[in-house]
Amino acid sequence: MKKILLILIVVIAFQSCDDGDVIVTTFDFEDADLNLCGNGNQYVFYKINTNVSESISLQITTADTLFTTSETKSYELDGNGNIVNYRRFNGDITSAYFCNSVPPTTPTVAIDYVATSGTATLNTTITRDDGDRIDDETGDTDGDGIPDSFDFDDDGDNVPTSVELGPNYPDEEPRDSDGDGIYDYLDIDDDNDGVLTIYEDKNQNLNPNDDITNPDVGPDYLNGAISISYEIDAFREHSYSLSSDVVIRLSNLVLVNGEETIIQENLLLGDIENVFTDENVTLTPAFVLPSKD
């Protein structure tokens with residue numbers, strides 16, 4: 001989602017010979033993507049207009065962990081750790097200027113406006129995905145505290161939802177092994193033998209799928225002729241992927257270059273999709289005794 005940063009700003013030049021002159025200038029970053037460089041507890045967001053060798057950048061210095069939860073964080077611009085710069089250069093500018101620990105010596109800065117005040121607001125939206133191919137899940141079927149939308153095992157029987165859907169999903173309906181009208185991924189007794197799936201775990205390794213008395217039938221939890229219960233009191237480790245998007249806005253921005261001042265009340269700096277990703281978030285939910293309605 002490319003956002004357009006095209007703003008018309010009034011620069012008030014306070015000059016001794018003509019106090020109060022008004023100069024109109026344009027920041028044009030219409031074709032520029034918002035990018036990020038991170039180094040420890042310092043984050044630098046920037047846009048580059050290659051047509052005229054100019055940039056706008058936001059530096060945030062914080063011990064906060066960013067982009068891992070859906071939240072809104074605000075940082076006051078102090079010209080020290082939290083800084084906004086608008087710059088023009090005497091040559092072509094690239095990402096290396098912002099992302100190297102030691103900025104390159106060229107190009108040099110021809111014009112530099114620095115924010116003396118203002119607020120930077122980061123709005124982060126998190127998406128979690130358990131990879132089970134089911135869209136728009138709601139609720140928490142097994143009551144383990146993990147919403148079905150990113151619960152590795154929706155019904156809490158220690159068989160992953162992706163397995164219980166069956167090999168032909170989504171081309172076919174989810175699997176219903178015992179024909180009771182409840183899909184396996186929501187059924188805590190998949191073969192309807194009176195022993196809940198989670199307890200049909202002979203080797204007690206929290207994986208009922210590998211306990212097979214009769215290979216011609218399959219796992220015991222799908223074999224109605226096998227109804228031996230074992231003591232299981234834990235859920236297996238769950239996993240999901242996480243990605244986050246961020247939208248950055250600047251407000252009450254005051255940029256100063258010598259005697260010139262740029263004031264912008266509200267400025268949408270831009271957004272970055274997938275600013276943070278983690279393909280393997282793991283957790284083990286607290287065990288909840290299953291109950292069959």
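Contact here means heavy atoms within 4.5 Å. With that in hand, a good place to start in this predicted model is Thr124, which sits in strand β8. Leaving aside residues up to four places away in sequence, Thr124 touches Phe67, Thr69, Ser70 and Glu71, and also Ser244, Asp245 and Val246. Its relative accessible area comes out at 6%, so Thr124 counts as buried, the cut-off being under 20%.

Strand β8 itself has several partners. On one count, strand β6, covering residues 71-76, is joined to β8 by six bridges, and the two run antiparallel. Within the β6 pairing, Thr72 stands opposite Asn123 of β8. Strand β7 also pairs with β8 in the antiparallel sense, here over five bridges, and Phe89 faces Val109 of β8 as a opposite number. Then comes β9: 14 bridges tie it to β8, again with the strands antiparallel. Two of the positions can be picked out along this pairing. Thr121 stands opposite Arg249 in β9, while Asn123 has Val247 as its bridge partner in β9. Asn123 thus turns up twice, opposite Thr72 and as the bridge partner of Val247.

From β9 the pairing carries on to β10. These two strands run antiparallel and share 17 bridges. Arg249, already met opposite Thr121, also stands opposite Leu268 in β10. β9 and β10 make a hairpin with two residues between them. In the turn of this hairpin, Gly258 has a positive phi of about 65°.

The same strands come back when the nonpolar side chains are considered. The largest nonpolar core holds 28 residues, and the members touching the most other members are Phe45, Leu58, Val84 and Leu122. At least two residues of this core come from each of β4 (42-49), β5 (54-61), β7 (83-89), β8 (109-129), β9 (238-257) and β10 (260-283). Apart from this core lies another one, made of eight residues, with Val44, Tyr46, Ile93 and Phe98 among them.

Leu58 gives a feel for the surroundings of one of those well-connected members. Not counting residues up to four places away in sequence, Leu58 touches Tyr43, Val44 and Phe45, then Leu77, Ile83 and Val84, and further along the chain Ala120, Ile248, Leu250 and Leu269. Phe45 and Val84, both on that contact list, are themselves among the residues that touch the most other core members.

Conventions
Residues are numbered from 1 along each chain as its sequence is written. This is a predicted model: local features need pLDDT of at least 70, side-chain atom pairs count only at pLDDT 80 or more; totals for chains, interfaces and linings use all residues. Side-chain values use heavy atoms; hydrogens and water are left out. A nonpolar core is a set of buried Ala, Val, Leu, Ile, Met, Phe, Trp, Tyr and Cys residues joined through side-chain atoms within 4.5 Å. Buried means under 20% relative accessible area, exposed over 50%, partly exposed in between (1.4 Å probe, protein chains only). Helices (H or I, at least four residues) and strands (E, at least two) are DSSP runs, numbered from the N terminus. Two strands pair if DSSP finds at least two bridges between them.
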